[in-house]
Amino acid sequence: HMVEEMYTETRKFKHDYINMLIPLKEYIDTSNIKELKDFFYDNVLNMDKNIKWNNSNIDKLKYVKILPLKALLSTKLIKAVSLGINIKVEIVEYIYQISMNTMDLCRILGILLDNAIEASKMCNLPKLYFCICIKKDYVVIAVQNNFDSVKPVIHKIYKKGFSTKGDGRGLGLYILKNIIDTKYNNVFINTSIEDNMFTQELWIKNINGTS
């Protein structure tokens with residue numbers, strides 16, 4: 001709810017921003033360069049300096065009606081924004097139920113988003129893309145990020161201890177895979193790498209009786 005309120009305020013601000021620019025027209029029309037310069041630096045330039053949402057569409061989290069999941073996603077995506085990562089969120093339909101234990105789902109997505117944030121923040125232009133959609137009988141959750149390191153070998157990344165980040169790492173994806181393999185026959189994860197973009201897709205088939 002807090003994220004949604006922030007975005008409501010941001011939209012109001014952007015609407016008011018246009019009204020703030022209207023006085024510039026008078027200074028420009030009268031060629032009053034000195035007052036134009038003063039007005040611009042005092043009233044325009046500093047207005048938006050603390051808003052770094054850009055076109056992230058983080059307000060799309062309003063479509064997620066599973067509150068613990070929304071809380072996790074909000075926390076991780078706001079952290080990414082605070083680190084200067086350019087994020088994009090795509091959710092176009094309401095998500096009321098996912099056939100997976102909520103705690104397990106949050107653990108898995110926490111691992112995927114933490115990895116994506118850590119990898120992308122090392123890039124000159126860090127990017128993180130998050131999407132939830134429904135495809136026939138599946139809920140598909142995708143996390144994509146760019147990276148600026150050695151290209152990981154896909155068939156090795158889920159092995160215990162494998163990491164491109166040094167010794168003592170590499171447990172996250174191993175834990176993720178173990179959760180899926182030992183507890184779910186309706187869930188699989190698809191990993192792909194193209195150029196410097198790393199994509200993880202979690203496919204969860206809808207079944208009855210799972211919460």
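**Group meeting: the sheet, one loop residue and the cysteines**

Let me start at a turn in the chain: K135 has Y138, in strand 3, as its bridge partner. This is a predicted model, in which local features need pLDDT of at least 70 and side-chain atom pairs count only at pLDDT 80 or more, while totals for chains, interfaces and linings use all residues. Residues are numbered from 1 along each chain as its sequence is written, and side-chain values use heavy atoms, with hydrogens and water left out.

Helices (H or I, at least four residues) and strands (E, at least two) are DSSP runs, numbered from the N terminus. Strand 2 (residues 127-135) and strand 3 (residues 138-146) run antiparallel and are joined by eight bridges. Two strands pair if DSSP finds at least two bridges between them.

Now the whole sheet. It is open, has five strands in the order 1-2-3-5-4, and its pairing is mixed. Strand 1 and strand 4 (187-194) are the edges, each pairing on one side only. On average, neighbouring strands are turned by 10° against each other, direction ignored. Axes here are lines fitted to C-alpha atoms, for helices over the stretch in contact, and angles run from 0 to 180 degrees between N-to-C directions.

Which strands does helix 4 lie across? They are strand 2, strand 3, strand 4 and strand 5, and the helix runs at about 20° to strand 3. Contact means heavy atoms within 4.5 Å.

Next, I95, in the loop between strand 1 (86-91) and helix 4 (102-120). I95 has a relative accessible area of 1%, so it counts as buried; the cut-offs are under 20% for buried, over 50% for exposed and partly exposed in between, with a 1.4 Å probe and protein chains only. Leaving out residues up to four places away in sequence, I95 touches Y63, V64, K65, I66, I132 and I134. K62 is 33 residues from I95 along the chain, and their C-alpha atoms are separated by 9.5 Å.

Q200 lies in strand 5 (residues 197-205). Q200 is buried because its relative accessibility is 3%. Its side chain makes a polar contact with the side chain of T191, at 2.4 Å. A polar contact is a pair of N or O atoms within 3.5 Å; within protein, one must be able to donate a hydrogen and the other to accept it, and residues adjacent in sequence count only if both atoms are side-chain atoms.

Last, the cysteines. With a disulfide taken as a pair of cysteine sulfur atoms within 2.5 Å, the count is zero. Why does C133 not bond to C131? The two sulfurs are 4.6 Å apart, which is too far for a bond, and C131 holds the closest cysteine sulfur. C133 is buried at 16% relative accessible area, and C106 is buried at 13%.
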